[in-house]
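Reader: I have the sequence and the model open. Please take me through the part where the two chains touch, and then through the helix packing and domains behind it.

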Amino acid sequence: MLKIEKLVKTYKTGDKALKAVDMEVPRGQVVSLIGPSGAGKSTLIRCINRLVEPTSGKVWLGDVEISGLNAGALRRERRRMGMIFQEYALIERLTVMENVLSGRLGYVGFWRSFLRRYPQSDVNEAFRLLDRVGLLEMADKRADELSGGQRQRVGICRALIQNPALLLVDEPTASLDPKTSRQIMRLITELCAERKLAAIVNIHDVALAQMFVQRVIGLRFGAIEFDGLPTALTPEVLTAIYGEEDWQATIRKDGESGELSV
Amino acid sequence: MPVFPLGDDRLGWTRRTPVARLVRWAGWLIGVAAFVWCWNRISEVTTWFFVWDAPRIAQDILARATPPRWSYMDHLWVPIWDTLNIATLGTLIALCLAVPVAFLAARNTTPSRVFVRPVALLIIVSTRSINSLIWALLLIAIIGPGVFAGIIAIAIRSIGFCAKLLYEAIEEIDPAQVEAITATGASPLQVMSYGIVPQILPAFAGIAVFRWDINIRESTVLGLVGAGGIGLQLSSSLNTLAWPQVSLILIVILLAVIISEWVSAKIRGAIV
């Protein structure tokens, strides 16, 4: 579904953020991308929808080569890639409903969006999604009145209303408390399963990643260091990704339930 | 360098090095000397007789100016209305022109940093650097005396001010929100209207009201050079030494400014 070939990103400063990364994500698979800060996780995600322009290499979404598209075609393909952000990146001064509907911007014309005259089908879908994430009664609240967990739910709705085939998720839980983090990760993985969505989830919390995803990719200095099942994350593997440290407390042990008390 | 050994194993610390101390002392000495010298020069070229005389003259004018000639108010309603219109219309025109200039000048929205941005900055600097009285003098020569010249003078003078504050607000927006809207596949215009405009709207409203408030004050003096408004009455009253009229006009201007400040404070409070 998503295929990345020899993806290279070198920033103007000379920093080699990505060095010939190859990876493939099939339909419906949730992959978590781990690695130290500066390993290129955010760059990799942003090179897929070209918020960051890759230096070289190819990105395929289905049959379409994203990396070769002109501006108009790129906008159309971006509709198929929903993005969820670390600090939610909601439009703070707009309402929850407006934020959710902004996920439809790629589908409606400028004047319709400017006058907030979205098609009724979009409004229906927005209400359905808000109901699904439990924020139905918040629809008319301004985004900056919401708590962190609620905002991230709105961010998820905004990504899903695009009707995407792929979710790009950048540190969804980094600003949230442990309980809310689990709830958000569970929501994302559940929604991906419901809709057969592929997802790439950047995450710092290794245990949290192990708890919810089917596959983990470890990135270090812009190159893939590990690619495998969450259960295969041994102290040696984490040392290879992050460097020397005592990993016993970080890794989720077999038999321990991740779904403890949420 | 301010850390130095004390001889034993302890370390001493002072805020500045000895050289830095000396330089600062020299700087103060030069400053004080320059002040004293300037004071002397000013004293030499001042006719002190007029200065000692000032309180008496001021008292005399005050005596002539009171009480204000209240009946003159009949002649002031139209000019003060003109003054308000000059300020309001001038501000509106300036805002319409300042918005595109600001977007062209802001580093994160300009189409070209090399070609377009310098032009936008030049517009901002050049309109800001010339006082509205001077703009009015120029415009009176070009389009003739009257309210219209005043409106255009206020508008031109305000473009740079509004555009500068607005482009600084644009440069300070949260880029993540712009990124998020871009990622949905929105067109550049939609990115602007969803990702940028909501973020700068409070700043825009604040700038508009602030500049309107300033423009009310500026437009009261535009009449001095013939660009319409209450300044025209002020200048003719001053020329004929009609002090009771002058005092009434000053009271009217004061009231207008107080009211405009009250209104702008209310509006700003309502927005932010």
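**The chain contact and chain B**

Author: In this predicted model, the contact draws 21 residues from chain A and 17 residues from chain B. On the chain A side, two helices each supply at least two of the residues that touch chain B. They are helix H2 (71-78) and helix H4 (110-114). The chain A side is mixed by class. Nine of its residues are nonpolar, six are polar and six are charged.

Now to chain B. The domain assignment splits this chain into domain 1 (3-64) and domain 2 (74-271). The C-alpha centres of domain 1 of chain B and domain 2 of chain B are 38 Å apart.

Next, look at a helix pair in chain B. Helix H3 of chain B covers residues 77-105, and helix H4 of chain B covers residues 116-129. Their axes come within 8 Å and cross at roughly 135°. H3(B) and H4(B) are therefore oblique to each other. The crossing of H3(B) past H4(B) is left-handed.

Which residues make the contact between H3(B) and H4(B)? From H3(B) come Val101(B), Leu104(B) and Ala105(B). From H4(B) come Val116(B), Arg117(B), Ala120(B), Leu121(B), Ile123(B) and Ile124(B). By class, the residues of this helix contact are eight nonpolar, no polar and one charged. Set that beside the chain A side of the chain contact, with its nine nonpolar, six polar and six charged residues.

Notes: Residues are numbered from 1 along each chain as its sequence is written. Chains are lettered from A and ligands numbered from 1 in the order in which they are written. This is a predicted model: local features need pLDDT of at least 70, side-chain atom pairs count only at pLDDT 80 or more; totals for chains, interfaces and linings use all residues. Axes are lines fitted to C-alpha atoms, for helices over the stretch in contact, and angles run from 0 to 180 degrees between N-to-C directions. Helices (H or I, at least four residues) and strands (E, at least two) are DSSP runs, numbered from the N terminus. Angles under 35 degrees count as roughly parallel, over 145 as roughly antiparallel, 65 to 115 as roughly perpendicular and the rest as oblique. A crossing is left-handed if the near helix is turned anticlockwise from the far one by less than a right angle, and right-handed if clockwise. Two residues are in contact if their C-beta atoms, placed from the backbone, lie within 7 Å. Ala, Val, Leu, Ile, Met, Phe, Trp, Tyr, Cys and Pro count as nonpolar, Asp, Glu, Lys and Arg as charged, and the others, Gly among them, as polar. Domain bounds come from an automatic or database domain assignment.
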